[in-house]
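Work through the exercises below with the model open beside you, and try each task before reading its solution.

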Amino acid sequence: MNKNDIITLKIEDIGIDGEGIGKLDGMTFFVKDAVIGDEIEARITKLKKNYGYARVEQIVKPSGFRTEPKCELHRRCGGCQIQAMDYAKQLEFKENKVKNNLIRLGGFHADFVDSVMEPIVGMENPYRYRNKAQFPIGKDKEGNIIAGFYASHTHSIIPVKDCMLGVAENREILEAILSYMRECHIEPYDEKTGRGLVRHALIRYGFTTKEIMVCLVVNGRKLPAQNVLVEKLQAIPGMTSISMNINQKNTNVILGEQTETIWGQPYITDYIHLRDCTNFERTGKAISYHISPQSFYQVNPEQTEKLYSLALEYAGLTGKESVWDLYCGIGTISLFLAQKAKQVYGVEIVPQAIEDARANARLNGMDNVSFFVGKAEEVLPEQYEKHQVYADVIVVDPPRKGCDTVCLDTIVKMGPKRVVYVSCDSATLARDVKYLGERGYQVEKVRCCDMFGHSTHVETVVKLERKN
Ligand code: SAH
């Protein structure tokens, strides 16, 4: 067996990145874009001692789990990994991934995991669900200015006019930005040379309000002929906020620290409807949120509602509790919790997000929540050690790297009767619930929620209870 050989494979499993897995002569092959159940001819691209990588050359017999992808770029684009897989199968794959991580990395017994896991919450329609898109801007080989997405595992841009995960409005907005750049001779940023101005276009769309935010990320402090851009963008129905974010660093991080509003408001507003919350019952209104360019906001509004209901259900509040919401962003979960708790404290590292969170509390007339700017692993110990703060329930919703051990240790010291862990990375989730498990917290319930159809990512909520 050699590199470039063509082999015939039956795809029998799915890898953690959604790739197909097949075996031949004791070797395991990982094949991107192959779907479990496929029989394929594949070209070997890399060989190691007992495994290798291969590329699909021809599908001999398509799997019953194959479906016709809506985007013709799905194989090249790094955004979707499993669009060719039937959506029900995608959900099963995600649930299994979480289950396996809890077993392998969390040290739980398979039967135990089965007993605590509730069925995954899927989407009704897994297309056009994203309220946010970040398009890198660059040039193609002919020197034309393009916007699109990075090809998987690279930094070369594939021009994408209409991503099927994003809203249809993105297309017109990108067209306006590109035509401004062409007309006014504005150069896109070039990562290799560090020259050029426009790096990314960040677009947000409020699903309930139809408000649009555009933020251009630039390698500079000024946008030449800014009025031309504004004129083109403000003509688009729903345009509410146009801003410029300054990022002059040679980095993969998209946003820099400073944002300037160049037209309209510094934020857009959106609503999340949670039907079982008291605010909705009282006023018939959902909770409204101001969202700034730099703040985190869940990208899938339909599923966010389900995710937050789940977090609220697992928190099991009666109205008497003191609750901490760590990694709170703009206070989305905090405000839902606050309607059923005595007092909520939110902690978040991004100052602009906390500004939004405070404004959001005022906007919704809630006076039983307060927010702290800082790292959860610094604010919580400080509040606990200096001010002896107390918690009945702690909710955490950390980024992919999970919680810092100082944060987990403080949670254990504070001894809340319940911890609700919301996670976008089941590997770090498994590590952290194992850590809490060794310190007196037992997993009661686990449920996945699909926020990111066609990608391999999955959101999970875990309810932990303090033993005795
Ligand atoms: N719960 C919010 C946000 C979750 S995303 C929501 O559902 O909308 C994770 C958040 O954690 C981001 O807002 C990020 O800025 C913040 N964050 C990252 N590291 C942090 C840390 N060490 N301490 C506190 N917040 C942090």
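**Exercise 1.** Leaving aside its neighbours within four places in sequence, with which residues is leucine 436 in contact?

Solution. The model is a predicted one, in which local features need pLDDT of at least 70 and side-chain atom pairs count only at pLDDT 80 or more, while totals for chains, interfaces and linings use all residues. Residues are numbered from 1 along each chain as its sequence is written, and side-chain values use heavy atoms, with hydrogens and water left out.

Begin by locating leucine 436, which lies in helix α11 (residues 426-437), where a helix is a DSSP run of H or I with at least four residues and a strand is a run of E with at least two, numbered from the N terminus. Next, take contact to be heavy atoms within 4.5 Å; with that criterion, leucine 436 is in contact with Leu408, Val412, Val419, Tyr441 and Leu464.

**Exercise 2.** Determine the strand order of the barrel and the partners of β1.

Solution. Five strands close into a barrel in the order β1-β2-β3-β5-β4, with mixed pairing; two strands pair if DSSP finds at least two bridges between them. Strand β1 (residues 6-14) pairs with strand β4 (residues 39-47) in the antiparallel sense over five bridges, and within this pair lysine 10 stands opposite glutamate 39, while isoleucine 7 has alanine 42 as its bridge partner. Turning to strand β2 (residues 20-24), three bridges join it to β1, and the two run antiparallel, with aspartate 13 standing opposite isoleucine 21. The hairpin of β1 and β2 has five residues between the strands, and glycine 18 takes a positive phi near 85° there.

**Exercise 3.** Identify the polar contacts of the ligand, and follow leucine 326 into the core.

Solution. Apply the polar-contact criterion, a pair of N or O atoms within 3.5 Å. A polar side-chain atom of glutamate 348 is 2.7 Å from an oxygen atom of the ligand, whereas for glutamate 377 a polar side-chain atom lies 3.1 Å from a ligand nitrogen atom. The backbone contributes as well, since a polar backbone atom of tyrosine 327 lies 3.0 Å from a nitrogen atom of the ligand.

For the second part, consider leucine 326, which, not counting residues up to four places away in sequence, touches residues including Val347, Ala376, Asp397 and Ile411.

Notes
Polar contact = N/O pair within 3.5 Å; in protein donor to acceptor, adjacent residues only side chain to side chain.
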